[in-house]
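Here are my notes on the two-chain model you sent over. Have the structure open while you read, and work through the points in order.

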Amino acid sequence: MKLIVNNVEAYAYTGGKPFDPALPCVVFIHGAIHDHSDWTLLARWFAHHGHSVLAVDLPGHGRSVGQPLADMPALARWVLALLDAAGVERAALVGHSMGSLIALAAAGQAPQRVSHLVMLGTAYPMKVSDALLSTARERPLQAIDMVNSFSHSTWAPKPSYPGPGTWLHGAERALMRRTQASQTGRNLFEHDFQLCNSYDQGLNDAARLTCPSTLILGARDQMTSPKQTKELAAALKARVLTVDAGHSLMTEAPEQVLNAMRQALGA
Amino acid sequence: MSGYADPGFDTLALHAGTAPDAATGARAVPLHLTTSFVFESSEHAASLFNMERPGHVYSRISNPTTAVFEERVAALEGGAGAIATASGQAALHLAIATLCGAGSHIVASSALYGGSHNLLHYTLSRFGIATTFVKPGDLDGWRAAIRPNTKLLFGETLGNPGLDVLDIPNISQIAHEAHLPLLVDSTLTTPYLIKPFEHGADLVYHSATKFLSGHGTVVGGVLADSGLFDWDAAHAKHGLFPELCEPYAGFHGMTFSEESTVGAFLLRARREGLRDFGACMSPHTAWLILQGIETLSLRMERHVANARKVAQFLASHPLVESVGYPDLESHPSHALAKQLLPRGAGSVFSFNLKGSRKQGKAFIEALRIFSHLANVGDCRSLVIHPASTTHFRMDDAALAQAGITAGTIRLSIGLEDADDLLDDLKRALKTAEKAQ
C-alpha cells in the first residue's frame, strides 16, 4: 500500500488484505537497514484476525522513497504522520530494535494515539560500540556480517522464516546488503546505528506513556541484551516476555513471537 | 555460537540447518518419512495455508529433513535459501518455469550438459520458450543475444564437456546491466570449489546426484537463490518478472516480492513450482545427500588431487591428443580457472584419443577400475564416450560447437588410490594402441 507521508511516497505492507482504518490498527516498525519483510507472517496473522496492519518501510528503506530521516524525533513524527495519511487515529505501535525506539519515541510524542506499545529485541540505552560504528563507517559490508552473526543464536531455527528452506543468516545478510546498496552515496548502516546510539530520550518518552506496554526479548540476544532493559521496563511498567531466540527473534522463533504478540495485544 | 562472521565451510557442512533434535536428543539429522503433518486445529491449518504461520503441511511442498538439506546447501553457497528437487534437471526446470512462460527467451552457454541442451533446445521451444546459445567465452555474444523478452542468462561453471570456465563476473555484469539474473549450474564444482554468488551469479543449481551426494546412490537436485537480485527494479524498468512482482491469483493474490524482499523467487518456486509441477525430493534422498555433504570438502580435495595426477599423466601420453582440464596450462580457460577456481577445477574432464573409433572402444572396454556409465561425481571413477551417449542427439556441427569429437572420452575421477587409477589407464591405453 502506497501512502503519501509529508509529501513523500511511503510503503506499508498490509498483511495480504486491503487496509481498513476502521479496524484496530497495528503498526510494525522494522530495525536498522531492514524493511517490512521482517514482519510479514505476523502482519498476515493480525490482518486475518480482526486488525488492520501497516508494516512500514521507513523513509529511505525498502520501497519507501526519500532520504532517511535525521533523528529519532523526526522518525517518530513520521510514524504519526503515517497514521494521519492512513486515516488512523489510534494504533498499536510494534517495533524491533531501532524500530522499537522509534515506536517509543512516537508514543512519547503522542501518547493519546497509541493503544499499545510493543518493543521487540530492544534495550535502552541502545549503545553501539565504537568498534562497530567505525567498522560500519569504513567497511560496512564487514559490519553487516558482524551484526548478522551477532543477531542469530542458532544455525538451525525451525521451521525458518518465512518458511522451510530459508537459511536465515544468508537471507538477513542479503536484505541488509540490498538495503544498504539502495541508498547510493549514503552509508545507511552507519546512519541507522548512529540513530540507535544517540537516542537519549527513552526514559522521558516512557514517562509520558499511558498505554499498556510489553517488551518481547530474545533470551540469547547478543545485540540488545535482555539485561539492558530493566530500567526501561520499570519506566514503562512493561510486561516482559522472553522467547528462546537471539536478536532476530521474529525470524528465529516466529511461533513464540506470535504467541507473545497475542498476549501483548490481547488478540 | 557467536563470532564476527559465518562459520567456516566445514562447520556449515556439518551443522547448518540442524541441531540436536529437541524431542529425542538425536544428534544426526532425523529422517521424517511422512507425507503430511497434523494440524493443531482448524485455525492452525488455515493460518499455515495462508502463510500467517510457518510450518510443514505436505512433503511435496516442504519436509523437515528436506529443509535441513535445503538450508545446508544455501549456507554453503552463501545464499538466502534453497529448494530441493527430484533431480538436477528438475531444478533447472523449476528455475526456468518460475521466471519464464510462453514468449520468453533465454540466453545460454552452448557448452551445456546434453540433458540441459535437450530441455532448452527441443522441449522448452515446444512450450514457446526460445533459447539462444552462445559460446561461453564470447562476452559480446552474450550481450548481443539479449532481447526484450529475455528473462534469464544461463551457463555451467565448467562447461560440458570442454570445461570452459564460465566467466561469472563478466557475464553476471552483462546480465545485471539488462536487469536480468544469471543462473549457474555448479554441479561439477560444488560450493567447495566455487561459490558463484560471490562472483555475481543470482541463482545456482546442482545435480545433487553428483558430488553433493558423492556416492552414486540417489538422484536429486537443488536450486539456491542469493536473495540479492532486485526483481522489483527489473519489473519497474522493463516490466519483467510479473510472476514475482504482481499479485498472483493462484496463491491468495500474493505479490511475492512484497512478502519477502529476498525470498520472492523461492516463494513462487515453492508455492507454485513444487505445488503444481511436483518434482520434489524425497526426504530419504535428502537424508542420504546430507550424509555426503558432511564430507564434501574432504572428498573434493581428494577428487581434485587425483584428477590432477590423472590429467598430467594423460597429457604426457603419446596416444593422447589433448586433455581438456583447466588446471593444465594448455587449457584455454587456465587463467580464468586460476582466478575463479583456486582450489581446483573439479574432477570431471575429457581427453581425445589419437586413434580410431575402434581404439576408443577398446580403451573403454579395457578399463577395470573405471566404470563405463552415464554419471559423474561418484566416489568411484567413471568413464563415458559422449558422442555416442550423453550428446548422441547432437549433429556433428553441434558437437563441434560443444567441443566434442568422435574420439572424446570423459572421465570422472573418483577417490581410489591414484596409482591404481594410473595403472588402469596405462593398461587400457596399451590395449587401445594394439587395437589399430
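1. How many helices and strands are there in chain A? Chain A has 11 helices and eight strands, where helices (H or I, at least four residues) and strands (E, at least two) are DSSP runs numbered from the N terminus. Before going further: this is a predicted model, in which local features need pLDDT of at least 70 and side-chain atom pairs count only at pLDDT 80 or more, while totals for chains, interfaces and linings use all residues. Residues are numbered from 1 along each chain as its sequence is written, and chains are lettered from A and ligands numbered from 1 in the order in which they are written.

2. Overall size of chain A. Its C-alpha atoms fit a box of roughly 45 × 40 × 40 Å along the principal axes. The radius of gyration is 17 Å, which agrees with the value near 18 Å for a compact globule of 267 residues. (That radius is taken over C-alpha atoms, and the globule rule is 2.2 Å times the number of residues to the power 0.38.)

3. The sheet in chain A. Eight strands make an open, mixed sheet in the order 1-2-4-3-5-6-7-8; two strands pair if DSSP finds at least two bridges between them. Strand 1 (2–5) and strand 8 (239–243) of chain A are the edges, each pairing on one side only. From one strand to the next the twist averages 25°. Strands of a sheet pair through backbone hydrogen bonds, either parallel or antiparallel. Strand 2 (residues 8–13) and strand 4 (residues 52–57) of chain A take the antiparallel option, over three bridges, and A:Ala12 sits opposite A:Val56 of strand 4.

4. Helices on that sheet. Helix 1 (residues 40–47) of chain A lies across strand 2, strand 3 (25–29) and strand 4, at about 160° to strand 4 of chain A. Helix 3 (residues 98–109) of chain A packs on the sheet too, touching strand 3, strand 5 (91–96) and strand 6 (114–120), with its direction at about 150° to that of strand 5 of chain A. For the angles, axes are lines fitted to C-alpha atoms (for helices over the stretch in contact), and values run from 0 to 180 degrees between N-to-C directions. Contact means that C-beta atoms, placed from the backbone, lie within 7 Å.

5. Where the chains meet. The contact takes 37 residues from chain A and 45 residues from chain B. On the chain A side, helix 1, helix 5 (140–151), helix 6 (168–182) and helix 11 (254–265) each supply at least two residues, and the largest share, seven residues, comes from helix 6 of chain A. By class, the chain A side has 17 nonpolar, 14 polar and six charged residues. (Ala, Val, Leu, Ile, Met, Phe, Trp, Tyr, Cys and Pro count as nonpolar, Asp, Glu, Lys and Arg as charged, and the others, Gly among them, as polar.)

6. The sheet in chain B. Here seven strands form an open sheet, again with mixed pairing, in the order 1-7-6-5-4-2-3. Its edges are strand 1 (81–85) and strand 3 (130–134) of chain B. Strand 1 pairs with strand 7 (residues 221–225) of chain B in the antiparallel sense over five bridges, one of the partnerships being B:Gly81 with B:Asp225. Helix 12 (residues 264–277) of chain B lies across strand 1 and strand 7, at about 20° to strand 1 of chain B.

7. A helix pair in chain B. The axes of helix 14 (residues 296–315) and helix 18 (residues 418–434) of chain B come within 10 Å and cross at roughly 30°. That makes helix 14 of chain B roughly parallel to helix 18 of chain B (angles under 35 degrees count as roughly parallel, over 145 as roughly antiparallel, 65 to 115 as roughly perpendicular and the rest as oblique). Among the contact residues are B:Val310 and B:Phe313 of helix 14 and B:Leu421 and B:Leu425 of helix 18 of chain B. The contact residues divide into six nonpolar, one polar and one charged.

8. Backbone spots to check. Most residues other than glycine have a negative phi, and most peptide bonds are trans. A cis peptide bond joins A:Lys158 and A:Pro159, with omega about 0°; A:Pro159 is in the loop between helix 5 and helix 6 of chain A. The bond from B:Asn160 to B:Pro161 is cis as well. A:Lys237, not a glycine, has a positive phi of about 55°.

Note on methods: Contact = placed C-beta atoms within 7 Å.
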